[in-house]
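Q: Let's do one close look at a single part: the aromatic rings, with the local surroundings as a warm-up and a follow-up. Keep it casual, but give me the distances and angles.

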Amino acid sequence: MANTQAQFGFQHFGYISGGAPDYQQSKYLVLRTYASAIYFGDPVVKSAASQYISLAIGTGNLTALTGIFVGCTYTPTGGTPVWSPWWPGTTQAADATAYVIDAPNALFRVASLLTAVPATAIGQNIGFSTGAGGTTVGGGFSTYVVDQSLLTTGPTAPFQVYSMYPGIGNGSDTTSNYNWVIVSFANQRLRTTTGVA
């Protein structure tokens, strides 16, 4: 059965064999004036020369990822702290606390951009496409996908294809467009031996 297009960002799927299932989420800061929305399932990076995180943009061949954004707590101007699955990208009263999955052995389910990621890609590194930027409908989900044209054996891509999606139904047909794959971190802050500025 052919797949249909579905974009949902990077959804936590489990852990590499031997890794503790600790459901690790670390706290990071989002600058209160950060103007870009960050959605549930978006990859994030450490902002250059600061303590804050920001949205990972481009194709992923960039500085090491910090992890995957899974919500935040922020304080609206004149309001009280609220929890949200996405950062709204508007100025708030104070810096936000972001929750990020940064466990080095975490696995994520993600859709392909268009052309199917083949089973022969297992073990290769892969970059991403930002998609349409996310949606606030139904939980503020990311629209990031992995891009088959960015498969590489080079060291700079942020993810590695771990396996094909093992489910049934949409996303499981490895021979048609829009298939789903399971990826692990490749170029990530807690896995790389190179320091992050």
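A: One cut-off first: a residue is buried under 20% relative accessible area, exposed over 50%, and partly exposed in between. Lys46 comes out at 24% relative accessibility, so it goes in the partly exposed bin. Bear in mind that this is a predicted model. Lys46 is part of strand β3, and a polar atom of its side chain lies 2.9 Å from the backbone oxygen of Ser50. For a sense of scale, take Lys46 and Tyr15: 31 residues separate them in sequence, and their C-alpha atoms are 23 Å apart.

Back up from there to Ser36, in the loop between β2 (26-30) and β3 (43-46). With 32% relative accessibility, Ser36 counts as partly exposed. Leaving out residues up to four places away in sequence, Ser36 touches Trp87 and Gly89. Thr156 is another story: it sits 120 residues from Ser36 along the sequence and 24 Å away in space, C-alpha to C-alpha.

Now the rings. A pair of aromatic rings is described by the distance of the centres and the angle of the planes. The count here is 8 aromatic pairs. Take Phe108 and Phe185: the ring centres are 5.2 Å apart and the planes meet at 65°, so this pair is edge-to-face. The pair ties together distant parts of the chain, with Phe108 in strand β8 and Phe185 in strand β13 (residues 180-185), 77 residues apart. How exposed or buried are these two? Phe108 has 0% relative accessibility, so it counts as buried. Phe185, at 1%, counts as buried too.

Then there's Phe128 with Tyr144: centres 5.3 Å apart, planes at 50°, so call that pair tilted. These two also link distant parts of the chain, 16 residues apart, with Phe128 in strand β10 (residues 128-129) and Tyr144 in the loop between β10 and β11 (145-146). Phe128 is buried because its relative accessibility is 1%, and Tyr144 is buried at 2%.

Zoom out a bit and Phe108 and Phe185 turn up again, since Phe10, Phe108, Phe159 and Phe185 form one aromatic cluster. There's a charge-over-ring case as well: Arg109 lies over the face of Phe8, 4.6 Å from the ring centre.

Phe185 has a polar neighbour to look at, namely Asp102, which touches it. Asp102 sits in the loop between β7 (96-101) and β8 (106-111). Its other contacts, with residues up to four places away in sequence left out, include Gln24, Tyr28, Thr66, Gln188 and Leu190. The curious bit is that Asp102 is buried but has no salt bridge. The nearest side chain of opposite charge belongs to Arg189, 4.6 Å away, whereas a salt bridge needs a side-chain nitrogen within 4 Å of a carboxyl oxygen.

Around Tyr144, look at Thr143, which is in the loop between β10 and β11. Thr143 is buried, at a relative accessible area of 8%. Its side chain reaches the backbone oxygen of Thr130 at 3.4 Å. Skipping neighbours within four places in sequence, Thr143 is in contact with Thr130 and with others, among them Gln7, Gly9, Ser129 and Gly131.

On the Phe128 side, Gly127 is in the loop between β9 (125-126) and β10. Gly127 has 0% relative accessible area, so it is buried. Beyond four places in sequence, it contacts Thr59, Val146, Asp147, Leu150, Ala157 and Pro158. Its C-alpha is 8.4 Å from that of Thr152, and the two are 25 residues apart along the chain.

One last backbone detail, ahead of β13: Tyr178 is in the loop between β12 (159-164) and β13. It has a positive phi of about 65°, although it isn't a glycine.

Notes
Residues numbered from 1 in each chain as written. Predicted model: local features only at pLDDT ≥ 70, side-chain atom pairs only at ≥ 80, totals over all residues. Heavy atoms only, no water. Helix = DSSP H or I, 4+ residues; strand = E, 2+ residues; numbered from the N terminus. Buried < 20%, exposed > 50% of the residue type's maximum accessible area, 1.4 Å probe, protein only. Contact = heavy atoms within 4.5 Å. Lys, Arg positive; Asp, Glu negative; His and termini not counted. Phe/Tyr/Trp six-rings, centres within 6.5 Å; stacked < 30°, edge-to-face > 60°. Lys NZ or Arg CZ within 6 Å of the ring centre and 35° of its normal. Polar contact = N/O pair within 3.5 Å; in protein donor to acceptor, adjacent residues only side chain to side chain.
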